[in-house]
Amino acid sequence: MSERIYLFDTTLRDGEQSPGYGMTAEQKLVLARQLEELGVDVIEAGFPAASPEDLSGVRQIACAVKHARVAALARCNDGDIDAAARGLEPAERGRLHLFFGTSQLHLQHKTGLDRDAALDLIVRSVRRGKRLFSELEFSPEDATRTDEDFLIRVVQAVVDEGVQVVNIPDTVGYTVPEEYTRRIRLLKERVRGIEGVILSTHCHNDLGLAVANSLAAIQAGARQVECTINGIGERAGNASLEEIVTALRVREDCLPFTTSVRHELLYQTSQLLSALTGVSTQPNKAIVGRNAFAHESGVHQQGLLKDRRTYEIMTPESVGAPPSQLVLGRHSGRRALAARLTELGYTLSAAELNHVYDRFLKACEVGKALDDDDLIALALDNRPPPEPPYAINLVQATAGTVKPATATVQLTRGGETFAACALGDGPVDAAYSAVDTITGYPTQVVEYELRAVGTGRDTEGEVLVRVQIADKTFSGRAVDTDIVAASVKAYLSAVNKALSVRNQIRPPQVAAAKRAPQIIQQL
Ligand code: MN
């Protein structure tokens, strides 16, 4: 019989307070609703004493969340505890999460208290909390670097005061699984009445061990695990929720524990957090990363086509992710290329395939994986030569606080030069309209992503854009120190792909209408 593990999600507190992940009150509310839908047991909504905005954010979540418990963080002082009480006042099930740094480093440099004075303050704060809350959790901050005997004294004191949950945080991501296991077992052996409380784990990922340490703690007897969506959190982040719950499910044979999470919502929740914060996960992120179910090696692809279990320990569907992708790159074989092209509707003769495969390998030498559009372009190269692509001659845009922005674009194609200027809602929009005017092929931009490559003010901008024409999408990517130029290069690369398969798709009806001959100028 599997034992139940309680999930304490701290994306909105530990996660939100890390650089780049700040959210508005409305965004927090959207995520809190998703977390409740996902089925977490406790949502740590924030740190009400931090600012009036934090307090009102916690109040809004406390009002909206009905099934999960809502927790608020507080230091051991009256002001923090009272702020938490105001924040959680509307909650159906509120929990005060008190913490105090108990390691020698924290005692010396944060509070300047000796151990007895610290213990005294902790007990007084727990008593005040008990008067205002029916449910209390206590965290001896930096527990994994706290003197063992003192940690036992602190945990004994808060257990005696009647807290329901004792969290043993690895605040700085310092511990290793075996040491953490020992510490939790020690508390179970030495603290009287500990069987009546829920032991909890809160691990940071500074050494990449947050999930491993959390699982070790569960095996040692912890029954609550604190974690975040996408593993976000201070510094290297917290233990990732999706990794923990999936490890428990996939390895139920040696980790016989269950959670109340709806696994099929994991991917969606991860995507929502990325969309709200504008920060995507790294491609190789376990469970929810773009490459988590992508296969490029030909050997792997062949195995996978015969039986998915050869290279997948779980299905993408089980975590709500899109189907496995067979990405074609220089590790893919001729057969995988032929299979993909057939799926895309291009059946080639053996000679054609040889020709396309050679070109495919050449394209791969540049070091990139080829998407479906690239493959179609390669396959079509066997047929009458496609129209030559447009190249950029000049891009100039003016932008600022005065609207609208303007852009002038000059493109060359097959020895001819075309120019157009356009107005737009910002320089990128204006430049894209100018390109559309020249090509006579307006598209719908379905995805636009701009990110900095490197740091500092002279960093380069990388733009990824996906455009849709009829029911097909084409993507382009480009890098430039000028973000408008990068945007146009990326856009043009996508549009060129679209033009190269123009005979495959119906040109958009609006093309003729949108063409504005009076401002298009052939040079
Ligand atoms: Mn933390």
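A crossover counts as right-handed if, with the strands pointing away from the viewer, the path from the first strand over the helix to the second runs clockwise. Hello everyone, keep that in mind for a moment. What we have here is a predicted model, where local features need pLDDT of at least 70, side-chain atom pairs count only at pLDDT 80 or more, and totals for chains, interfaces and linings use all residues. Residues are numbered from 1 along each chain as its sequence is written, and side-chain values use heavy atoms, with hydrogens and water left out.

Let's start with strand β3, residues 42-46. Helices (H or I, at least four residues) and strands (E, at least two) are DSSP runs, numbered from the N terminus. Five of the five β3 residues are buried (under 20% relative accessible area, 1.4 Å probe, protein chains only), so the strand is largely enclosed by the rest of the structure.

Who are its partners? Strands pair if DSSP finds at least two bridges between them. β2 (residues 6-9) runs parallel to β3 over two bridges, with D9 partnered by I43. Parallel pairing also links β3 to β4 (residues 69-75), over four bridges, and there G46 faces A72. Add helix α3 (residues 52-64), and β3, α3 and β4 make a right-handed β-α-β unit.

Now, the other sheet I wanted to show you. It is open and antiparallel, ordered β16-β17-β18. β16 (444-453) and β18 (472-480) are the edges, each pairing on one side only. β17 (residues 460-469) and β18 share nine bridges, and V463 stands opposite A478. Helix α17 (residues 483-500) packs on this sheet, touching β16, β17 and β18 (contact is heavy atoms within 4.5 Å). Thanks, everyone!

Methods:
Buried < 20%, exposed > 50% of the residue type's maximum accessible area, 1.4 Å probe, protein only. Axes fitted to C-alpha atoms, helices over the stretch in contact; angles between N-to-C directions.
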